[in-house]
Amino acid sequence: IGLIPIVADPTQFSFPTSGETEANPDSTIVFELKVNGAKAGDKDIADGSAVLVDRNVYSKHLKWIPIGNQKDIFVNNPPRPVHSDILIAKLLPGQEIDLRAHCMKGIGQDHAKFSPVATAAYRMMPSIKLKERIYGDNARKLQTYFTPGVIKLIPNNIHEVEAIVDDTIIDSMSFNVTRDKDLKDLVEIGRIPNHFIFKVESTGCVASDVLVRSAFNVLINKCDKYLKITQNI
């Protein structure tokens with residue numbers, strides 16, 4: 001349950017202090033989960049104290065319990081799971097779950113559950129160069145060897161159309177053109193060794209662009225720290 005990503009702005013919370021036992025509204029979000037496995041003929045629980053489920057317990061069954069002044073602070077954007085259909089447990093008829101979960105701020109270095117990044121990867125920028133101008137049927141054929149949008153066909157008064165490289169960043173680095181006896185010597189495919197394309201996916205807690213800017217700030221602060229250390233040597 002600790003791996004369920006929660007929608008909440010981490011900048012509005014402080015890190016928990018060591019030995020903190022009570023839920024602190026400045027550092028903690030509290031969720032409640034009360035569910036009962038339905039039996040044949042069961043109806044909704046009259047007092048609403050728990051939710052009847054046929055079998056599956058999902059993240060949508062987590063109920064946010066405001067503490068302190070959180071109800072006023074998060075009135076327009078209450079804390080909640082990023083996705084409502086994350087499976088938590090499967091209950092047999094008559095089984096039940098009754099718990100309170102404390103969600104606290106942390107960093108991925110301490111535990112992966114605190115990391116707002118799902119996957120992060122990089123690749124080098126593709127390089128595609130046409131050694132000669134390519135026209136007509138060869139131009140159309142060349143276009144089929146690359147990801148749509150990489151090669152563009154433009155009008156040509158003499159040869160009807162001409163192929164040009166339009167957008168290399170979206171290329172998947174297919175080398176199929178090197179198998180074509182008519183085109184293999186006309187195209188040079190490679191990668192730019194000092195140009196990197198990063199892809200950062202968020203778990204949904206924080207937007208990807210915010211994560212990247214925050215990472216830059218962390219890196220800058222670390223560089224400043226070690227520059228000061230080296231200056232004192």
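Okay, let's start with charges: searching the whole structure turns up nine salt bridges. Before I go on, keep in mind that this is a predicted model.

Why do such pairs form at all? Side chains of opposite charge can pair when their charged atoms come close.

Here's one of them. Glu160 pairs with Arg140, and their closest N and O atoms are 2.8 Å apart. Glu160 belongs to strand E12 while Arg140 belongs to helix H2, residues 136–144, so this pair ties together parts that are 20 residues apart in sequence. How open are the two partners? Glu160 is exposed, at 51% relative accessibility. If you're wondering about that label, exposed means over 50%. Arg140 comes out as partly exposed, with 29%.

Next, have a look at Lys181 and Asp182. Their side chains meet in a salt bridge too, at 3.5 Å from N to O. Lys181 is exposed, with a relative accessibility of 67%, and Asp182 is partly exposed at 38%. These two don't stand alone, either: Lys141, Asp180, Lys181 and Asp182 are linked in a network of salt bridges.

One more pair and then I'll leave the charges. Glu201 and Lys199 meet through their side chains in a salt bridge, 3.6 Å from N to O. Lys199 is exposed, at 54%, whereas Glu201 counts as partly exposed, at 34%.

Right, on to strand E9. This one runs over residues 117–130, and I'd like to walk along it with you.

Let's begin with Arg123, which sits in E9. Arg123 is partly exposed, at 34% relative accessibility. What does Arg123 touch, once we set aside its neighbours within four places in sequence? The contacts are Ile169, Ile170, Asp171, His195, Phe196 and Ile197. And here's a distance to try on your screen: Arg123 and Gly136 are 13 residues apart along the chain, and their C-alpha atoms are separated by 33 Å.

Next door is Met124, also in strand E9. Met124 is partly exposed, with a relative accessible area of 31%. Met124 is also one of the members of a nonpolar patch on the surface, together with Tyr122, Phe196 and Phe198. Those residues have about 450 Å² of accessible area together. Which strands supply the patch? E9 and E13 each give at least two of its residues.

Further along E9 we reach Ser127. Is Ser127 buried or exposed? With 17% relative accessible area, Ser127 is buried; the cut-off for buried is under 20%. Not counting residues up to four places away in sequence, Ser127 touches Glu188, Ile189, Gly190, Arg191 and Ile192.

And then there's Leu130, still in E9. Leu130 is partly exposed, at 24%. Leaving aside its neighbours within four places in sequence, Leu130 is in contact with Leu142, Ala163, Ile164, Val165, Leu186 and Val187. Take Leu186 from that list: Leu130 and Leu186 are 56 residues apart in sequence, yet 5.9 Å apart in space, C-alpha to C-alpha.

A quick detour to a loop. Met173 is in the loop between strand E12 (160–165) and strand E13 (187–202). What's the backbone doing there? The phi of Met173 is near 60°, a positive value in a residue other than glycine. Met173 counts as buried, with 12% relative accessibility.

Last topic: pockets. How do we look for empty space? Rolling a probe the size of a water molecule over the atoms shows where empty space is left. In this model, the largest pocket has a volume of about 1700 Å³. How many residues line the largest pocket? There are 48 in the lining, and Pro10, Gly106, Phe114, Ser115 and Pro116 lie nearest the pocket's centre.

Several elements chip in. Strand E1 (6–7), strand E2 (28–37), strand E8 (96–104), E9, E13 and helix H3 (208–231) each supply at least two residues of that lining. Which of them gives the most? That's H3, with nine residues.

So if you rotate the model yourself, try following E9: this strand supplies residues to the nonpolar patch and also to the lining of the largest pocket. E13 does both as well, with at least two residues in the patch and at least two in the lining. That's it from me.

Terms used: Residues numbered from 1 in each chain as written. Predicted model: local features only at pLDDT ≥ 70, side-chain atom pairs only at ≥ 80, totals over all residues. Heavy atoms only, no water. Helix = DSSP H or I, 4+ residues; strand = E, 2+ residues; numbered from the N terminus. Buried < 20%, exposed > 50% of the residue type's maximum accessible area, 1.4 Å probe, protein only. Contact = heavy atoms within 4.5 Å. Patch = residues over 30% accessible without salt bridge, like charges linked within 9 Å, V, L, I, M, F, W, Y side chains within 5 Å. Areas by Shrake-Rupley, 256 points an atom, 1.4 Å probe, with all protein chains shown as cover. Salt bridge = Lys/Arg side-chain N within 4 Å of Asp/Glu carboxyl O. 1 Å grid on protein atoms, 1.4 Å probe; cavity = no way out; pocket = protein on both sides within 12 Å on 5 of 7 lines; lining within 4 Å. Points joined across faces, edges and corners; volume = space filled by probe spheres on them.
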